Amino acid sequence: MSMPSGDESKRVASVVGVSRRNFLRNVGAAAVAAELLDAAGTARGSSQAMDAPVAGPSPEVVSGATSISLTINGQARSVSVEPRTTLVSALRDRLEPALTGPKLVCDAGTCGACTVLLDGRAAYACSLLAIDMVGRSITTVEGLGTPDKLSPVQAAFCEKDAMMCGFCTSGFVTTVTGVLTKNPNATPEQIREGCKGNFCRCGTFPHIFEAALAAGAEMRKES
Ligand code: FES
Ligand code: FES
């Protein structure tokens, strides 16, 4: 219950014809009565009290830097994070050695440059807290292939020249990998739909989708 301000209480008191002191005394008495009624209801086990959630153990409060273990590209990696540290920041700025494949561009969950696979599904690493990722499987573009053995999607992006400045590329490669792993037969429409959370400012979309289709064909051959 919000208490009226001094001017408001004077105004209310003058309207109803009671003194300001009596008005405040009555307001205070009503608040105390409400507290007593609430306490009595709880003690009696009223239906309202019984419906209330049972208090469990207090959630763990984490503050300052804390060390956590994340499963990244199939390996357990220790990293020191604060509760506010995003996943992309943990990967790029706090991990040793860093994983800089996911790019920080918009930092607002709109461009897809920071995309990682989270339990196989594309996710914006700028919009996730690192501390919430314990127990999840995180895959970055670095975990998809190696320079000596590129993944089918990575190889197709090179072959089809599907990049210009490259800022969006790791996000697209990761997203397309997620789409094709789930469905190597994905149609052009399904690939476009799967990539709708990624944005290429250089406008290489035709090459990107061409590469995705080529990668799907390659993955079907391999499976
Ligand atoms: S940087 Fe994460 S969506 Fe743009
Ligand atoms: S290649 Fe430059 S943003 Fe996509």
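Here are four short exercises with worked solutions on this predicted model.

**Exercise 1. Place Ser151 and decide whether it is buried or exposed.**

Start with the backbone: Ser151 sits in the loop that runs between strand E5 (137-139) and helix H5 (152-159). Next, look at the surface. The relative accessible area of Ser151 is 10%, and buried means under 20%, so Ser151 counts as buried. Finally, check what it touches. Once you skip the neighbours within four places in sequence, Ser151 has contacts with Leu144 and Gly145.

**Exercise 2. Work out which residues of H5 are buried, and where they sit around the axis.**

First pick out the buried set: Val153, Gln154, Ala156 and Phe157. These residues span an arc of only 165° around the axis, so they fall on the same side of H5. Now flip to the other side of H5, where you'll find Cys158 and Glu159 exposed. What do the buried residues of H5 pack against? Their partners are helix H6 (169-182) and H8. One last thing to spot is Asp161, which follows H5 and has a positive phi, near 55°.

**Exercise 3. Find the aromatic pairs, then classify Phe205 with Phe209.**

Searching the whole structure turns up three aromatic pairs. For Phe205 and Phe209, the ring centres are 6.1 Å apart and the planes meet at 25°. Centres within 6.5 Å make a pair, and planes under 30 degrees apart count as stacked, so this one is a stacked pair. Both residues belong to helix H8 (residues 205-222), four residues apart, which is about one turn of the helix.

How accessible is each one? Phe205 has 25% relative accessibility, so it is partly exposed. Phe209 comes in at 13%, so it is buried. To finish, widen the view: Phe205 and Phe209 join Phe172 and Phe199 in one aromatic cluster.

**Exercise 4. Describe how E3 and E4 pair, then see what packs against H4.**

Begin with the strands. E3 pairs with strand E4 (residues 121-124) in the antiparallel sense, over four bridges. Take Thr115 as an example: its bridge partner in E4 is Tyr124. Then look at the connection, which makes E3 and E4 a hairpin with two residues between them. In that turn, Asp119 has a positive phi of about 50°.

Now move to helix H4 (residues 87-94), whose buried residues are Leu87, Val88, Ser89, Ala90 and Leu91. They pack against strand E1 (66-72), strand E2 (75-81), strand E3 (115-118) and E5. That brings you back to E3, one strand of the hairpin you just traced.

Terms used
Residues numbered from 1 in each chain as written. Chains lettered and ligands numbered in written order. Predicted model: local features only at pLDDT ≥ 70, side-chain atom pairs only at ≥ 80, totals over all residues. Heavy atoms only, no water. Buried < 20%, exposed > 50% of the residue type's maximum accessible area, 1.4 Å probe, protein only. Contact = heavy atoms within 4.5 Å. Pairing = 2+ DSSP bridges. Phe/Tyr/Trp six-rings, centres within 6.5 Å; stacked < 30°, edge-to-face > 60°. Arc of directions from axis to C-beta.
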